[in-house]
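Open the model in your viewer and keep the selection tool at hand. We will go stop by stop.

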Amino acid sequence: MVTIKDTILIKSFNEGDPVAFKAIFDHYYKILCSYTYHFIHTSYVVDDIVQDIFVALWNRRERFDCIEKISSFLFVSARNACLNHSKHEQMKAEKLKEFVAQTDEAVYDDYIIMAEFDQKLNHWLESLPTECRKIIDMSVSGMKNDEIAKSLNISVNTVKNQKVKGFKILKELYKDEYLTILLYIFTTLSAK
Amino acid sequence: MTPKDCEHIAHLLFLAYTGEITSEQKEELTHWQKEDKHHMDLYQIIMNHERIRSEREIFLLFNQQRAWAKISQKTYRKSKMLYTRILRYTAVFICLTCVSVYFLYPDKSEEKTEIAELFLEPISPKAILQNEQDVRISLPGQCYSIKDSNNHKKQLETSEVLRIYVPKGGEFELVLADGTHVWMNSETELRFPRAFTGDKRQVELVSGEAYFDVTKDKTKPFIVRNKDLDLTVLGTQFNIQNYSDEHEIITTLVEGAVQLSSNKTILHPGEQATYNKATRETQVETVDTELFTAWREGRLIFKSTRLEVVLKQLSRWYDVKFEYEEEGLKDLIFSGKMKKYDNGNIILGILKATGKIDFIQQDSIIHVKKQ
């Protein structure tokens, strides 16, 4: 998995490397879709908006010197696009209020934490084989092993085995991430 | 909080949710929760099963691959332009080299002749193998042997006839069950049996260009079929060019003997038969076989060749389209030796440097103009 924090990634992106662009897209696409979908409940409209945002990001690629700026560009653009859209569609007043509230920085952070969390969950699930994904999907949505077994008409043991498999893949997936996290803790501690 | 911090917290939450969190990480997360009452609420909201379930559903509404395909389409031209900018510098250098090459090796045979010579980076060889059940296998590398390779054996065993296709920009070497080598050029399709049974070895060159080095077996003649023409072979090396967008099938014999079904003509080494698909006539002439078989060794040789023929080759190698501003440009004559595996733009730079023609790229179409 490409670590989004990578400064080399930003540099290649600035220089117009499509691989770097793809890495950024992969990380943010679904997050942005989900973010936008909360305000506009029409998936094709959302899809169009998000695509346009990425095209705009690419056209301004020289201007971003860190991932923070890319991230805020994406979310701010999405927010603006939603507001623009709501003007046309007469979005409900309370939704709009909620929207304006989001300009409050603390709430904005919350959203990013939530979105990143969802993205990680999604990334994990998409990396799993179909059978295993079905089971893990049910499990992360809060179902117990016996409930899953019953609804899929399989044995509880199969559920357990598939879960072991799923978690093994998870470890593999975030192997590098663990390292960066350790490094992160180390650097923040030494900075204090 | 910076987005980096946010991502870090999100990661800790994710690990906590999946139960993969270490004790130190857990401590860090607890610390974050206690920092602010608001963080505690957020924790509850994020970890809520109902929320996660509905979020999963939203994620599934969107097709990431399709979106990427659309975005790359919209950003494609822009990136091409940047590419051209880099190439401009390269082109200046190459033009200089080219001019010197021109003076070093002037082609005296014809006045209109231009010379070009160069060598550069590879295009990747690739091919797609397909069985009767329509299972497609993408073949990595440059060579695949039906006889020796154990790869994909299971998928292939169920089929009697296989199909291999080399797309634009690719080239491939295939070894058939009897040990015959087939070098396939770009945009070439071949149908062949998994094993040769019966008293003949028969393959079909559906379209494209291939060089055959046939294993000798007098008891089982080797036949290359296509819609218009059959070739019967007894252990030999030859090249067939039969692109569907051309009206001629050109067979060039290097070694051995080949018989054409059209008029029972027998070719001798060094001879070339040109079969016209429309008139069904065959013409035989003696040629320099190197000109027609050099592609297999990664070289392209033109000797007093029309520009149209040169560019047709290039369009297959590099998957681009050429459009001519004037019909007359097609008849300009070029000679030269080029190494294949070149960057297409660089070859164009050299043709340009002859001072006769100019190329202007617009998306995937290259316009050919008078200079």
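Which strand order does the open sheet of 3 strands in chain B have? The order is β19-β22-β21, with mixed pairing. Strands here are DSSP runs of E of at least two residues, helices are runs of H or I of at least four, and both are numbered from the N terminus. Two strands pair if DSSP finds at least two bridges between them.

Before moving on, note that this is a predicted model, where local features need pLDDT of at least 70, side-chain atom pairs count only at pLDDT 80 or more, and totals for chains, interfaces and linings use all residues. Residues are numbered from 1 along each chain as its sequence is written, while chains are lettered from A and ligands numbered from 1 in the order in which they are written.

**Stop 1: the open sheet**

Select 321–324 and 357–362 of chain B. These are β19 and β21, the edge strands, and each pairs on one side only. Neighbouring strands of this sheet are turned by 30° against each other on average, direction ignored. The axes behind that angle are lines fitted to C-alpha atoms. Now add β22(B), residues 365–370: 6 bridges join it to β21(B), and the two run antiparallel. Pick B:I360; its bridge partner in β22(B) is B:H367.

**Stop 2: strand β8**

Select residues 188–193 of chain B, which form β8. Which side chains are buried here? B:T188, B:L190 and B:F192 are, and they point to one face. B:E189, B:R191 and B:P193 point to the other face and are not buried. Buried means that 20 or more other C-beta atoms, placed from the backbone, lie within 10 Å of the residue's own.

Show the neighbours next. β5(B), residues 161–166, pairs with β8(B) in the antiparallel sense over 6 bridges. β9(B), residues 201–213, is joined to β8(B) by 3 bridges, also antiparallel. Centre on B:L190: B:I164 stands opposite, and in β9(B) the bridge partner is B:L205.

**Stop 3: where the chains touch**

Show both chains. The contact takes 36 residues from chain B and 40 residues from chain A. Contact means C-beta atoms, placed from the backbone, within 7 Å. On chain B, α1 (3–18), α3 (37–47), α4 (49–61) and α5 (64–104) each supply at least two residues. The largest share, 11 residues, comes from α1(B).

**Last stop: all of chain B**

Zoom out. Chain B has 9 helices and 22 strands. Of its 371 residues, 28% count as buried.

Conventions:
Buried ≥ 20, exposed ≤ 12 C-beta atoms within 10 Å, placed from the backbone. Contact = placed C-beta atoms within 7 Å. Axes fitted to C-alpha atoms, helices over the stretch in contact; angles between N-to-C directions.
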